[in-house]
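Student: Could you take me through one part of this structure slowly? I'd like a close look at a salt bridge, and then at whatever else helps me place it.

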Amino acid sequence: MAHQQTSPRSDELEFGGPLGTAAMLLLLPVVLFHLLLTCHSGPCSLLSLPSELPPASAFWSPWALLLLLLWLGLQATLYLLPMGKVSEGRMLRDKSHLRYPINGFRCLGLTALLVGLGLAGGLPLGSLPELLLPLASAAAAIAFILSLLLYLKSFTVPPSALAPGGNSGNIVYDFFLGRELNPRFGSFDLKYFCELRPGMIGWALINLAVLLREAERHGGRPSLAMGLVNAFQLVYVVDALWNEEAILTTMDIIHDGFGFMLAFGDLAWVPFTYSLQAQFLLNHPQSLELPVAGAICLLFAIGYFIFRGANTQKNTFRRNPSDPSVAGLETIPTATGRRLLVSGWWGMVRHPNYLGDLIMALAWSLPCGVTHLLPYFYVVYFTILLVHREDRDERQCLQKYGLAWREYCTRVPYRIVPYIY
Ligand code: NDP
């Protein structure tokens, strides 16, 4: 047990082990570029290969790389500004706690201010969509280099700093999952920084740029569909940063190491594939009747209500179980001293936050109409991701809580969707 506490060895491999992770190392970038190329092609058919590939030069631009480096530099500078409170993370294996600046929302506000000033001064943000392909290449390359450096850095830290899941001894597997749990330079936490800032704020910025481009093309006004996609996804980004402290109790922070999976996901996958609906609408305009738009807004509001309610409830409970908003909820004691919620949102299904997230995903795809599959890629991918993630979390919770987790599963039999799954 003492050995396990200081030097966790990942015995149970996930994502198909070394072979599965090797395949994902190749597949994730291929899928990213396939989606971008398909989205900007006329037929926009997700299931067929593009008739001809653009020249290699279309994937590379020194300006795109410079722009991306400036963006990362700006977000890193804002991260370091001493504003907002500082929160403690979950206790680590060596019994210490890391401290995290909770200033993401302020950074978003400052970024919005700078972009607003830039636009007033003539910043041609509407031209950004032309650079998406080289920007995505630069982001993928940076994610790859960062993962390599993170992998090498992980050999300089004590065993207690390694992630329980990314320390198998297999190079490919550990490179993909991430060996070190919380890589830091001084107080700069690389994983925490990448989780919500450059990629998530970048996603909102790409959406805005695409909306401006659409407005330029159509007499100065964006379409209703584009407005809805932008508004819904902006709510999601703003919400994530407003509730930044809540990520300190999520799997990414408390369990997963920082490797290619999160670096590529945060820096390349999120901004360029999550903005596909807006990109799709730019090339394939859709008209939307007001009553339909109203129904979609209602669906989004329901999803958001569930998502936010569940995440806030669990985060509040984990941070302060005697908080009046959660003190009255029924719980199951566990041998670790932590309790499991068995009423409220977490008594409905075992991952109510995933249910809300999926409903929102559907709501922001629907404004794209039903003529193409591509805008629904996110819903399909996200369902697979969350079903797999739920399964991973269940196994981790079974390990952590044993019989108490089994009792929770008996009392709350459905995983994500009540009476269905
Ligand atoms: P969760 O926030 O769902 O955290 C899971 C942890 O919560 C468990 O390991 C356990 O940890 C604790 N927990 C589980 N059940 C209970 C219970 N009944 N009572 C108290 N605590 C419980 O995990 P994620 O990190 O996967 O998700 C966070 C949010 O991020 C979700 O809303 C998800 O949808 C979203 N997300 C979005 C993504 C995107 O790309 N848009 C990608 C991934 C996630 P412990 O007991 O140790 O506290």
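Tutor: Sure, let's start with a pair: the side chains of aspartate 391 and arginine 415 form a salt bridge, with 3.6 Å from N to O. Keep in mind as we go that this is a predicted model. Aspartate 391 sits in helix H16, while arginine 415 is in the segment after H17, so this pair ties together parts that are 24 residues apart in sequence. What makes such a pair possible? Side chains of opposite charge can pair when their charged atoms come close.

Now check how much of each partner shows at the surface. Aspartate 391 has a relative accessible area of 29%, so we call it partly exposed. Arginine 415 is partly exposed too, at 24% relative accessibility. The pair also has company: Glu12, Glu390, Asp391, Arg395 and Arg415 are linked in a network of salt bridges.

How many salt bridges does a search of the whole structure find? It finds 18, so let's hold two others up against ours, because the WHY behind each pair is where its partners lie.

Take aspartate 239 and arginine 308, whose closest N and O atoms are 2.7 Å apart in their salt bridge. Aspartate 239 belongs to helix H9 (residues 224–242) and arginine 308 to helix H13, so here the parts tied together are 69 residues apart in sequence. Are these two buried or exposed? Both aspartate 239 and arginine 308 are buried.

Then there's glutamate 216 with arginine 213, a salt bridge whose closest N and O atoms are 3.4 Å apart. These two are 3 residues apart in helix H8 (residues 198–217), which means about one helical turn separates them. Glutamate 216 counts as exposed, at 54% relative accessibility, but arginine 213 counts as buried, at 15%.

Back to helix H16, the home of aspartate 391, since it has another role in the picture. Which element gives the most to the shell around the ligand? That's H16, with 7 residues. Of the 26 residues around the ligand, the ones that come nearest are Tyr274, Tyr354, Asp357, Arg389 and Tyr401.

Some of the polar atoms there are worth finding on your screen. In the side chain of aspartate 393, an N or O atom is 2.6 Å from an oxygen atom of the ligand. Tyrosine 408 has a side-chain N or O atom 3.1 Å from a nitrogen atom of the ligand. For histidine 351, a polar side-chain atom lies 3.4 Å from a ligand oxygen atom. On its own the ligand has 910 Å² of accessible area, and the protein covers 92% of that. Helices H13 (290–319), H15 (352–363), H16 (377–401) and H17 (403–411), along with strand S6 (339–341), are the elements that each give two or more residues to the shell.

One last contrast, away from charges. Phe144, Ile145, Leu148, Leu149 and Leu152 form a nonpolar patch on the surface, with about 490 Å² of accessible area together. Leucine 148, one of them, lies in helix H5 (residues 132–153) and counts as partly exposed because its relative accessibility is 41%.

Terms used:
Residues numbered from 1 in each chain as written. Predicted model: local features only at pLDDT ≥ 70, side-chain atom pairs only at ≥ 80, totals over all residues. Heavy atoms only, no water. Patch = residues over 30% accessible without salt bridge, like charges linked within 9 Å, V, L, I, M, F, W, Y side chains within 5 Å. Areas by Shrake-Rupley, 256 points an atom, 1.4 Å probe, with all protein chains shown as cover. Salt bridge = Lys/Arg side-chain N within 4 Å of Asp/Glu carboxyl O. Helix = DSSP H or I, 4+ residues; strand = E, 2+ residues; numbered from the N terminus. Buried < 20%, exposed > 50% of the residue type's maximum accessible area, 1.4 Å probe, protein only. Near = heavy atom within 4 Å. Polar contact = N/O pair within 3.5 Å; in protein donor to acceptor, adjacent residues only side chain to side chain.
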